[in-house]
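Q: Please take a close look at chain C. Where does it meet other parts of the assembly, how is it divided, and what does it give to the interior?

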Amino acid sequence: MPDRVYAMKPVFRPLTTIILAWLLFISICSLPGCAPAAPSTVRIGYLLGDLHQLPFFVAQDKGFFAEEGLNVEVVGPFEAGPAEMDALAANQVDVGYVGVAPAVMAAARKVPLSIVAGVNLEGSGLVTGKDIKNVAELKSKKVATPAPGSIQYVMLGMLLAGNDLSFSDVELFPGTVKPPDMPQSLQTGRIDGYFVWEPFVAKSVVGGYGKVLVASKDIWPGHPCCVIVTAGNFGRLNNATVESVIRAHRKAIDFIAANPAEAKVIAGKWTKLDPAVIDDAFQRVKYTYSLNRDDVRKFVSEIISLGESGAIKPIITASDVPDLDKFVDTVVDTKYLQR
Amino acid sequence: MSGKKLVIENITKTFLEKKGGKSTVALRDFSLEIADGEFVCLVGPSGCGKTTLLKLVAGLEQASSGSICLDGKPVSGPGPDRGLVFQDFALFPWRDVTANVAFGPEVLGVPPEERLRTARQCIDLVGLSGSGHKYPSELSGGMKQRAAIARALANNPKVLLMDEPFGSLDAQTRSQMQNELLRIWQDNKKAVVFVTHSVEEAVYLSNRVVVMTGSPGTVKRIYNVGLPYPRSRADGVFISLREEITGCLSEQCS
Amino acid sequence: MSIQLWIPNIFRGEDTRPLRLISILLFLLIWEGAALLANLPQLFPTPIAVVTALGQLLVSPGPPGVEWAGELMGNTLISLWRVIVGFSLAAVTGVLLGIIIGWWRNARDLIEPVVELLRPIPPLAWIPLAMLWFGLGFKPAVFLIWLGAFFPIVLNTVLGMESTPHKLTEVARTLGAGPWQVLFKVGVPSAAPSIMAGLRIGIGIGWMCLVAAELTGSNSGLGYMIMYYYSTMEAAKTVAGMLMIGIVGFLMFIGLKKLEDRILFWKAA
């Protein structure tokens, strides 16, 4: 049989290529995470065992979300902020309780998101063995933090820079040890120190084998910590839902202030730690729903200058955010708090 | 031909089957005496125990009863005094011809120069001169068998045991190898015990042909082949002897 | 795209190189297109971004101890060193144990059940124990690599030893070889092809375990580098790291294959 009879007409060749390419693209897009969520359910992400996120735990357990008519699908817990932001970018999370540093980092990477409310201030700390007297003694010691890009990672950089040190002076293990494992790692001597969120700071203190060398509030009093972030598309399309989330959130914040004892019980349940640890940790966390735009701006500029000075490996560079103020104004959206 | 080199006396070999517990008697009351320098062939139907006997003499199996003595001393395990040549050559594929042939002296602790010399002599003897560096995968069937014979001879064994060594060669190479073997044998005059299916081969090669019964194997009849070397297959005596032995194999023996 | 595309390989005579090149180009084009369409440059990088990232990683300062090598090569060297150590340990212990189990029936009955029990456990599952026993850094990584490489090496060595043709050991014995000589002059050389295959498989698995090992216990190496840039949402550098892992793995495979061909030249000429 002559080849000619079966050969495809020349005009079909580019067409076939395009169809094949399109099929490939479609199949990639049909992978989970590509399609946006249905508006009736809101997917909320949170961090592992993080006492800062107590307002979320309270809102869930006390039914504040349900009161607002929200159907919450809980996503997580994530081991660190950057992982949660990744999920947000991949359309797996609609609303996230996360640290402000990963949030601005994701925003600097052009992930569409908005910071819509605060969750807490302060509440992290550098824990070391009792034998370490000051930050200078951290030289060549093993220090663990959550993943690179987390607040604790950045603030450790700030602390070291303030003491004329940099990340290269310590043996840093970012993201290697899960936050709940950090106290035990310190106890067994696998690490010499760690910078993490409460209540894992308190755990070593209450356990008697560690001490808070530096609390995060000592590095920057009143620093913003966790915030509520909405995925770009979601916020725009579901104004009412976001409003409801914020309303439930404010109720939770007020509840914690008014009923600390019950709040601590809820905290113990979600972090799986006992009352003594929760008690100790509680003192270092300040819950608030307010959002300070200038503080966010300060955080971003700190990250940039730390990267430039070489204290930390650059996470956000000046070229990522050429107009810092414009960037911050795009990212921070306080309109829900003003209602 | 002088003295009794190899004395096989009333050998019985029973194999116990692992499952079922059945036992097979491979050899029963097998006796044979072989003189030094003698060429003896064993022929018999399949399963008559020819290979088993060879293995017993080689020491790779133990007899259930009876004795095998070489130069008056009983045979227990395998050793360099009895050389063994297999049908499928069993050359070591990772060694070249020289290293294969030198294997025996090597494991017996002979120093390198000496064993290289011995190897070269044996290689020359079997007609493989110049192929010492080749590997088994580069050799033809006939060359491989020559190498195997050279290897067996390198230890200067007292008796050469050959288990259908030419069975896997084509007819032309086979006949060539038969002549080669005779030449080698006449050169070093060792006792040879040769197992074969081919009556013609047996008559062509040996001084005596031992016909074995089927399982359990024992000596049926021994024929003397008095023909001078080199033998002609067209010779009348050759042909009638061959017919006789073939007949003896199947039914009656005279 | 004519009927010629569908000719079975065995009928082919001519060179198919042009088609292979087209396949790679097509892949790159689709990748570039899909990435641009997805429009999330920091999560779904274009091929060009990855190449740029590779360039950046080649010149940025390397991890402590190998700053001079640049970030990409420095981390590669660190990972390579871990694999070399882990694999060497696995090769020595694996071949030794394989010889023992494969040669002596009693040893096999004694040791094999334990090996078969542990083998199905994926190296990933050993990570918590590894960190418990060895802490952080070099040691747990080496342990996990050793684990990954060990079992295929043992398995293949046992196979090789067990398949030593009986005729060869019989011949050796008739030539006067004692039991240890039979083991080392016949058993081991006969098993060599199998052992080499086991080593080749072992280093492949060991290299794959490397990433798992480094993800959880180290602060250097290619595996760590990938996780770092995943965290800081610099996907182009993550993919660049993945590419490097693939390239090194491929080179190791080729290297071992060449070695194998050299050692086993005596097989079917």
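A: **Chain C: interface, domains and core**

The contact between chain C and chain B takes 18 residues from chain C and 22 residues from chain B (two residues are in contact if their C-beta atoms, placed from the backbone, lie within 7 Å). On the chain C side, the elements that give two or more residues are α7 (166-174) and α8 (179-217); helices here are DSSP runs of H or I with at least four residues, numbered from the N terminus. Of the elements on this side, α7(C) gives the most, with six residues. By class, the side of chain C that touches chain B holds 10 nonpolar, three polar and five charged residues (Ala, Val, Leu, Ile, Met, Phe, Trp, Tyr, Cys and Pro count as nonpolar, Asp, Glu, Lys and Arg as charged, and the others, Gly among them, as polar).

This is a predicted model, in which local features need pLDDT of at least 70 and side-chain atom pairs count only at pLDDT 80 or more, while totals for chains, interfaces and linings use all residues. Residues are numbered from 1 along each chain as its sequence is written, and chains are lettered from A and ligands numbered from 1 in the order in which they are written.

Within chain C there are two domains, domain 1 (3-48) and domain 2 (55-263), with bounds from an automatic or database domain assignment. Their centres, taken over C-alpha atoms, are separated by 32 Å. Four residues of domain 1 and five residues of domain 2 make up the contact between them. The domain 1 side of that contact consists of three nonpolar residues, one polar and no charged.

Next, the interior. A nonpolar core is a set of buried Ala, Val, Leu, Ile, Met, Phe, Trp, Tyr and Cys residues joined through C-beta atoms within 7 Å, buried meaning that 20 or more other C-beta atoms lie within 10 Å of the residue's own. The largest such core has 173 residues, of which A:A103, A:V104, A:A106, A:V227 and C:I145 touch the most other members. Helix α6 (residues 138-162) of chain C gives the most to this core, with 15 residues. From each of domain 1 and domain 2 of chain C, the core draws at least three residues. Another core, of 84 residues, lies apart from this one and has C:V182 among its members, along with B:V40, B:I123 and B:V225.

Finally, the surroundings of C:I145. Leaving out residues up to four places away in sequence, C:I145 touches C:R82, C:V83, C:G86, C:F87, C:G206, C:C209, C:L210 and C:A213.

How values were computed:
Buried ≥ 20, exposed ≤ 12 C-beta atoms within 10 Å, placed from the backbone.
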